Amino acid sequence: MPGSWERDAAVHVLIGISHTWMMHPDWAWSLIRLNKSVEGKKTRVSYSFQHDAPYDLARNKLAQECLDSGADYLFMLDTDMVLPTFALEQLYSHKLPIVGGMYFRRHPNAFPLMFKFREGSTMMDPIPQHEIKPGLNEVDGMGMGCTLIHRKVFETLRDNGHAKELSIPSEGTTYKIREFFKFAATEPPYVSEDLWFCIAARQAGFKLYVDSSVSCGHILSTMMVKNGGPTWTPLETGRGSDGI
């Protein structure tokens, strides 16, 4: 029997994209090629682009839009991801409230962004690659770069007080938004905004999973303009092919 997050009507997926205007063409091409239907069902897909905002604020805006739009799912997609074409339909097939694709930290000493609590501690450690199983893996924390989240998660965090209401000043006015994500690297529990959300979701009774078969690329480049044209530059060196 389907879970409470399942509906018989057409599935509405909001693809939420956080970006700084510098979108790699490999990311754009993978989004174009992404299969946007799920299990042969009629699927409504809409998009939200949140640009030039801190990641916690951008993710909070996407979560709020998922609630306000009536979307069934938020497919959170960062612009440094390269997805397999089956990513969305594969994640949806699990019928889970929170499930993501697997990708690695993009800087030196890369490791899968899948975490377990350290024994006897509130700190998280990466899961060693050799311990990752084919298919679904239950985790305590995960990166949000390619994650499918059912609206029920946001409704629960909103209604049980985990996500407090914030007033954000903007262009001479303020708007209300819920704090589903919070960058807390300088205060307890000393985690990034995605792990903060994971902790809150687990405390609210949700389990988190990563499907290792949805293996995503994590783009290791940024864009600069040189001699009047764009050049893609490796992040780890900050240098182009000519050493500049």
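This is a short tour of a predicted model, moving from its sheet to a helix and then to several salt bridges.

Begin by selecting the strands of the open sheet, which has seven of them in the order β2-β1-β3-β10-β5-β13-β8, with mixed pairing. At the edges stand β2 and β8 (136-139), and since each has a single partner strand, one side of each is left without a neighbour in the sheet. From one strand to the next, the twist averages 25°.

Next, select strand β1 (residues 11-19) together with strand β3 (residues 73-78), which run parallel and are joined by six bridges. Within this pairing, look for isoleucine 15, which stands opposite phenylalanine 75 in β3.

Now move to strand β2 (residues 43-51) and select serine 46, which has its place there. Is serine 46 buried or exposed? Because its relative accessibility is 19%, and the cut-off for buried is under 20%, serine 46 counts as buried. Leaving aside neighbours within four places in sequence, serine 46 is in contact with His12, Val13, Leu14 and Ile15, and its side chain makes a polar contact of 2.8 Å with the side chain of histidine 12.

With these strands still shown, add helix α2 (residues 55-69), which lies across β1, β2 and β3 and runs at about 160° to β1. Select arginine 59 in this helix, together with glutamate 193 in helix α5, and you will have a pair that forms a salt bridge, with the closest N and O atoms 3.0 Å apart. The two residues are 134 residues apart, so that the pair links distant parts of the chain, and both arginine 59 and glutamate 193 are buried. Adding Asp78 to the selection shows a network of salt bridges that links Arg59, Asp78 and Glu193.

Follow glutamate 193 into helix α5 (residues 193-203), where nine of the 11 residues are buried, so the helix is largely enclosed by the rest of the structure. The buried residues include Leu195, Trp196 and Phe197. Just after α5, glycine 205 takes a positive phi of about 100°.

A search of the whole structure finds eight salt bridges, and another one to select joins the side chains of glutamate 39 and lysine 95 at 2.7 Å, N to O. Glutamate 39 lies in the loop between α1 (25-33) and β2, and lysine 95 in the loop between α3 (87-93) and β5 (98-102), 56 residues apart. Glutamate 39 counts as partly exposed at 42% relative accessibility, and lysine 95 is also partly exposed, with a relative accessible area of 22%.

Note on methods: Residues are numbered from 1 along each chain as its sequence is written. This is a predicted model: local features need pLDDT of at least 70, side-chain atom pairs count only at pLDDT 80 or more; totals for chains, interfaces and linings use all residues. Side-chain values use heavy atoms; hydrogens and water are left out. Helices (H or I, at least four residues) and strands (E, at least two) are DSSP runs, numbered from the N terminus. Buried means under 20% relative accessible area, exposed over 50%, partly exposed in between (1.4 Å probe, protein chains only). A polar contact is a pair of N or O atoms within 3.5 Å; within protein, one must be able to donate a hydrogen and the other to accept it, and residues adjacent in sequence count only if both atoms are side-chain atoms. Contact means heavy atoms within 4.5 Å. Two strands pair if DSSP finds at least two bridges between them. Axes are lines fitted to C-alpha atoms, for helices over the stretch in contact, and angles run from 0 to 180 degrees between N-to-C directions. A salt bridge is a side-chain nitrogen of Lys or Arg within 4 Å of a carboxyl oxygen of Asp or Glu.
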